Amino acid sequence: AGPTPRLRVDLAFSGRQMPQLLEATAVKEATIIWARYGVELGTCGPDSPGRDGAITIDVVLADRQEEPLPDNALGSIVFQDGAPGSEIRMYPDAIAALVAEATVMERTEREWPTILRHVVLGRVLGRALAHEIGHFLLRSRGHSQIGLMRANQSIADLASPERFRFYLSPDEVARLVTATSAVSGTRVSR
């Protein structure tokens with residue numbers, strides 16, 4: 001593969017409010033996943049211009065999935081004429097329902113202290129968000145059989161402290177290098 005792409009992406013959260021720890025955990029998780037590929041994630045307010053040279057993606061926390069998405073969709077991004085839009089929608093209720101099925105430290109979600117619940121919810125949200133960012137950065141609706149861009153991730157993988165299953169395939173890394181040059185230096189309109 002070619003040189004590691006350097007790209008700055010700012011996430012502008014809007015929609016439903018979420019606890020600060022949950023948002024910070026989600027952003028940290030997505031940031032760690034994308035950092036190994038030369039993508040630097042940051043945040044900005046929904047009405048701020050973001051950092052110089054950064055592409056801004058709106059992240060809307062929505063109450064429910066819109067048709068034709070399945071009820072268990074954790075996030076989505078709309079493509080128009082083959083290009084991804086600048087808005088990612090995340091579905092906290094679907095994420096919470098999935099997390100309710102998880103077992104961590106041999107305890108079910110109902111037995112967790114509040115802080116652990118926020119950490120696990122944030123981790124799952126961050127990994128689902130990283131997947132949707134992947135659709136944007138790779139400029140593709142496609143899914144892979146392995147890694148970050150799998151269509152369906154298990155709750156065990158999404159909730160686990162280890163993130164070794166959330167990687168790009170060699171073909172996706174090559175695609176990222178190509179796609180980065182297409183979006184680098186441009187600002188996504190909001």
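Arg-51 sits in the loop that runs between strand E2 (39–44) and strand E3 (55–61), and in this predicted model the residue counts as partly exposed, because its relative accessibility is 23%. Leaving aside neighbours within four places in sequence, Arg-51 is in contact with Arg-8, Val-9, Asp-10, Glu-40, Leu-41 and Gly-42. Asp-10 and Arg-51 are 41 residues apart along the chain, and their C-alpha atoms are separated by 7.2 Å.

Asp-10 itself belongs to strand E1 (residues 7–15) and is buried, with a relative accessible area of 0%. Its contacts, again without the neighbours within four places in sequence, are Gly-42, Thr-43, Cys-44, Gly-50, Arg-51, Ala-54, Ile-55, Thr-56 and Ile-57. For Gly-42, which lies 32 residues from Asp-10 in sequence, the C-alpha to C-alpha distance is 4.6 Å.

A second group of residues involves helix H3 and the loop that follows, between H3 and H4. His-135 is found in helix H3 and is buried, with a relative accessible area of 4%. Beyond its neighbours within four places in sequence, His-135 is in contact with Ile-77, Phe-79, Pro-84, Ser-140, Arg-141, Gly-142, His-143 and Met-149. The C-alpha atoms of His-135 and Ile-95, which are 40 residues apart along the chain, are separated by 19 Å.

Arg-141, one of the contacts of His-135, has its place in the loop between H3 and H4. At 52% relative accessibility Arg-141 counts as exposed, because the cut-off for that class is over 50%. Residues up to four places away in sequence not being counted, Arg-141 touches Phe-79, Gln-80 and His-135. Between Arg-141 and Ala-179, 38 residues apart along the chain, the C-alpha separation is 13 Å.

The loop between H3 and H4 also holds Arg-139, which counts as partly exposed at 25% relative accessibility. Arg-139 lies over the face of Phe-136, at 5.1 Å from the ring centre.

Most residues other than glycine have a negative phi. Against that background, Arg-139 has a positive phi near 55°, and a positive phi near 55° is also found for Asp-81. Asp-81 is placed in the loop between E4 and E5, and it counts as exposed at 80% relative accessibility.

The table gathers the residues described so far, each with its location and relative accessibility.

| Residue | Location | Relative accessibility |
|---|---|---|
| Asp-10 | strand E1 | 0%, buried |
| Arg-51 | loop between E2 and E3 | 23%, partly exposed |
| Asp-81 | loop between E4 and E5 | 80%, exposed |
| His-135 | helix H3 | 4%, buried |
| Arg-139 | loop between H3 and H4 | 25%, partly exposed |
| Arg-141 | loop between H3 and H4 | 52%, exposed |

Aromatic pairing comes next. A pair of aromatic rings is described by the distance of the centres and the angle of the planes. The count for this model comes to 1 aromatic pair. The rings of Trp-34 and Tyr-37 have centres 5.9 Å apart and planes at 65°, and the pair is therefore edge-to-face, since planes over 60 degrees apart fall in that class. Trp-34 counts as buried at 0% relative accessibility, and Tyr-37 is buried too, with a relative accessible area of 10%.

Helix H2 (residues 92–99) has Ala-94, Ile-95, Ala-96 and Val-99 as its buried residues. These buried residues of H2 pack against strand E5 (83–90), helix H3 (114–138) and helix H4 (155–159).

The largest pocket has a volume of about 620 Å³. Of the 27 residues that line the largest pocket, Ala-73, Leu-74, Gly-75, Glu-132 and Ala-151 are the closest to its centre. Strand E4 (75–80), H2 and H3 are the elements that give two or more residues to the lining, and H3 gives the most, with 5 residues. By class, the lining of the largest pocket consists of 14 nonpolar, 8 polar and 5 charged residues.

Notes. Residues are numbered from 1 along each chain as its sequence is written. This is a predicted model: local features need pLDDT of at least 70, side-chain atom pairs count only at pLDDT 80 or more; totals for chains, interfaces and linings use all residues. Side-chain values use heavy atoms; hydrogens and water are left out. Buried means under 20% relative accessible area, exposed over 50%, partly exposed in between (1.4 Å probe, protein chains only). Contact means heavy atoms within 4.5 Å. Rings of Phe, Tyr and Trp (its six-membered ring) pair if their centres lie within 6.5 Å; planes under 30 degrees apart count as stacked, over 60 as edge-to-face and the rest as tilted. A charge sits over a ring if NZ of Lys or CZ of Arg is within 6 Å of the ring centre and within 35 degrees of the ring normal. On a 1 Å grid over the protein atoms alone, a cavity is a set of points where a 1.4 Å probe fits but cannot get out, and a pocket is an open set with protein on both sides within 12 Å along at least five of seven lines; lining residues have an atom within 4 Å of a point. Grid points are joined across faces, edges and corners, and a volume is the space filled by probe spheres set on the points. Ala, Val, Leu, Ile, Met, Phe, Trp, Tyr, Cys and Pro count as nonpolar, Asp, Glu, Lys and Arg as charged, and the others, Gly among them, as polar.
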